[in-house]
Amino acid sequence: MQRLLVLFFLATAANLAAAQSWPAKPLRLVAPYAAGGPIDISARQLAAKLQDSLGQPVVVENRPGAGGNIGVDLIAKGPADGYSLVMSAIATLAINPSLYPGLPYDPIKDLRHVTLLVQVPNVLIVTNELPAKNVKELITLAKQRPGKLDFGSGSTGSTGHLAGEMFKMMTGTFMVHIPYKGSAPALADMMAGRIHLMFDNLASALPSIKSDKVRALATTTKARSSFLPELPTLDEAGLKGFDMSTWWGVSMAAKTPQPIVERLSAEILKAMDAPDMKERLRNMGSEAPTIRTAEQFTSFVASELKIYTELVRRSGAKAD
Amino acid sequence: MEGILGNLLIGFIEVFKLQAVTFSGITMTLPFNIIMCLIGCLLGTLIGVLPGIGPVATIAMLLPVTFNLSPIAALIMLAGIYYGAQYGGSTTAILINIPGESSSVVTCLEGYQMARQGRAGPALATAAIASFFAGCVSTLVIALFAPPLAEVALKFGPAEYTSLMVLGLVAATVLASGSLIKAIAMVVLGLLLGLVGTDGNSGVLRFAFGISELADGIGFVTVAMGMFGICEIIANLEQKENREVFTKSVGKLMPSKEDFKRMVAPILRGTVLGSALGILPGGGALLASFASYTLEKKVSKYSHEFGKGAIEGVAGPESANNAGAQTSFIPLLTLGIPSNAVMALMIGAMMIQGIAPGPQVMTERPQLFWGMIASMWLGNLMLVILNLPLIGMWIKLLTVPYRYLYPSILLFMAIGVFSISNQPFDCLLMACFGLFGYVCVKLGCEPAPLILGFILGPLMEENLRRAMLLSRGDPWVFISPSKPISMGFIIASVLLLVIVALPGLRKKRKEVFVEET
């Protein structure tokens, strides 16, 4: 017993010592997507900020593949020494676990979620030729022409796709999902009138909405977006409880010492609150997240995981 | 017209504007934008020359640097990297048969043959001149016609793309200088390789054999570096005597009068093709260089020289790919739609600066829009001034002994392939493709049709399935009168097939083949 206590004490001491001298070497921040996407860009912005405040280089490493799973798995299975971080997102934490059978990591047990960085609403947009001017008319139209309306999305299992499935379920309508490779080509096809609607990320849809190339009908979050304050939410338009957004943040290996997580969380929040960083995150369509602490983020991940597991199961989307 | 000239003037003033720049405490007045353009072009040339390291990785790494620049300076520099890399990519293609960029695959075909005949200098000069001319013309095209051309790009839906790809694949067989059957076999093999990875519609993994690194398919750079680069190294090490021929007469740098005469028409045709296809999002610029090669091979008086170092086969595709690279800015600047990975990065760079890319950029920020266009023209000028004197130096590379040259090329290729997704697996895969490429060479099968099949296959599949989804499974959608563009491509493909299949022509192809062996 005594020996155990000593061991425990030693371990805690070592832990504490490690946390106190942290960071003693460069940190790596894995971006599990190809360079240039919004997640990669925000990773690089965050790295530049953390580098200054931590006094150690923060190296962004792109490890794309399997919808982000490869990069997240790398950190989940990697050393929990506090030097390995990953940009985790709704796809890798909430959607992929039910979309991909045999996901190599558990988003709750294998990872420690540090800070939610960005939360962007999706926007329901329709092609200008569609007669529906609001959500109600769209539902009526979809009911009159079952299976005739097409909705595009960036990929199978994307938030845009699942928001469409959620919309179909809540309204009892049937529309055909047309997957694209990224939302830009889908948006182009919508401007040309080849597809009828899509639930696109606010940041990517905003320029087309502002220049009247497409028509926005509603946002998918519970609160209105400050970018389009006149636009109603789906919740207001009668789809009670509809609340979906695209989000991403920073996670680490599950066994990372608590003091390091706390310190890092504080540093990231400080970086996010800096005026220039705030401005850049806002340029991605993100409102300042209300979820701030590591605990809030962790419980948010758990609740999102539950919602999307159910949604993927009911919509029949599956990648195997 | 006057409006356009006025706009271009705004652009030039913006590019040459003197700015007070504070650099480590010292404030200087400099034409900062033009300096950024020069830096971009230099960097672009450098990474273009290094095999395997592409503009996407470079621009991504440089994004944080642009946070503190003005939007115009940032975009000018990034654009410079992009077209600088297009320039540099043709250098490695000509000298060592390694396509640095997907669009320089075609340049390998004739350019490398020219180099083997000791005409590397004229080949490099031709590439530089052709690119410069095409760059100038397409910059004007952007300035004059950007908005209406963007509307044309929107006319291309899944059905139109599918038909265009069909035409491209049929034309791919023309790329081979040898046996037709082998060319078709290589195209089909390329299509199969393109299927590896996650299926876009259902998310099912195909041909991945449980290897998670294959989940996103095989990378283009991996295949190209293996099939061209490594394979070339193995093949060269096999024969010792060849080397002397290679380096004997490298003295002559500039094209002869005869060369200039022969390159004029291909450059003009290539520029038109490139400017037209470049506006199509998704592989337009790449298709342009293939299309130009096919066209030149068909119309040239010297078509018998193709495969053996025809200067038309360098001039045409080089002008086409540069024109395409420039006009691919049109969908970005006017619609906010990126046409390739580099353009997607440019959108990222614009968004960081708080600029939403789209049609409003031209009216709300004329300085930025026209400044960028003016910088493109100036950048092209810089590149030609930079590159022509460099030709002498590049050619000296050919005299570097194999024992130094090849290990360094291998190293750079490995770094380049690794840098794309940081996976050691990709380097192994590249080595496998190198061995496979060597087997192909021994069997007389050429890699270019395989590469084209590999690139076009996934694009065609994606668009075919999307078109079928949209038409609810009706195959007539590709030749319905409501889609005249698609119908035109299909008719052209059938015609081309008939021409290829005509017995007389087939005999002619065989003769060419016999001559070669």
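Start your tour by selecting Asp212(A), just after helix α8(A): this residue takes a positive phi of about 60°. Keep in mind as you click around that you are looking at a predicted model.

**Stop 1: helix α8 of chain A**

Now step back into α8(A), residues 202-210. Is this helix enclosed or open? Count the buried residues: they make up 8 of the 9 in α8(A), so the helix is largely enclosed by the rest of the structure. To colour them, pick Leu202(A), Ala203(A), Ser204(A), Ala205(A), Leu206(A), Pro207(A), Ser208(A) and Ile209(A).

Next, show what covers them. From chain A, the cover includes α2, β4 (111-127), α7, β7 (197-201) and β8 (214-219). Chain B takes part as well, through its helix α15.

**Stop 2: across to helix α15 of chain B**

Follow that lead and select α15(B), residues 341-352, then centre on Leu345(B) within it. Leu345(B) has 28 other C-beta atoms within 10 Å; 20 or more is the mark of a buried residue, so Leu345(B) counts as buried.

Which residues does Leu345(B) touch? Leaving aside residues up to four places away in sequence, its contacts are Gly36(A) from the other chain, and Val56(B), Ile59(B) and Ala60(B) from its own. For a sense of scale, draw a distance from the C-alpha atom of Leu345(B) to that of Leu450(B): the two are 105 residues apart along the chain and separated by 28 Å.

**Stop 3: where the chains meet**

Zoom out to the contact of chain A with chain B, which takes 43 residues from chain A and 41 from chain B. On the chain A side, the elements giving two or more residues are α2 (38-54), β2 (58-62), β6 (176-179), α7 (183-191), α8 (202-210) and α10 (275-283). Highlight α7(A) in particular, since this helix gives the most to that side, with 6 residues. If you colour the chain A side by residue class, you should find 21 nonpolar, 9 polar and 13 charged residues.

**Stop 4: two domains in chain A**

Stay with chain A and colour by domain. The domain assignment gives domain 1 as 10-119 + 245-315 and domain 2 as 121-219. Their C-alpha centres lie 30 Å apart, and 12 residues of domain 1 are in contact with 12 of domain 2.

Which elements of domain 1 should you show here? Those giving two or more residues to the side touching domain 2 are α4 (90-99), β9 (245-253) and α11 (294-315) of chain A. The most comes from α11(A), with 4 residues. By class, this side of domain 1 holds 7 nonpolar, 4 polar and 1 charged.

**Stop 5: helix α2 of chain B and two partners**

Finish in chain B by selecting α2(B), residues 32-49, together with α17(B), residues 366-397. Their axes come within 9 Å and cross at roughly 50°, so the two helices are oblique to each other. The crossing is right-handed. Show side chains for the contact, including Ile34(B), Cys37(B) and Leu38(B) of α2(B) and Leu378(B), Met382(B) and Leu386(B) of α17(B). This contact has 8 nonpolar, 6 polar and no charged residues.

Then swap α17(B) for α4(B), residues 71-96: the axes of α2(B) and α4(B) come within 6 Å and cross at roughly 30°. These two helices are therefore roughly parallel, and their crossing is right-handed. Here the contact has 20 nonpolar, 12 polar and no charged residues.

Notes. Residues are numbered from 1 along each chain as its sequence is written. Chains are lettered from A and ligands numbered from 1 in the order in which they are written. This is a predicted model: local features need pLDDT of at least 70, side-chain atom pairs count only at pLDDT 80 or more; totals for chains, interfaces and linings use all residues. Axes are lines fitted to C-alpha atoms, for helices over the stretch in contact, and angles run from 0 to 180 degrees between N-to-C directions. Angles under 35 degrees count as roughly parallel, over 145 as roughly antiparallel, 65 to 115 as roughly perpendicular and the rest as oblique. A crossing is left-handed if the near helix is turned anticlockwise from the far one by less than a right angle, and right-handed if clockwise. Two residues are in contact if their C-beta atoms, placed from the backbone, lie within 7 Å. Ala, Val, Leu, Ile, Met, Phe, Trp, Tyr, Cys and Pro count as nonpolar, Asp, Glu, Lys and Arg as charged, and the others, Gly among them, as polar. Domain bounds come from an automatic or database domain assignment. A residue is buried if 20 or more other C-beta atoms lie within 10 Å of its own, exposed if 12 or fewer, and partly exposed in between; C-beta atoms are placed from the backbone.
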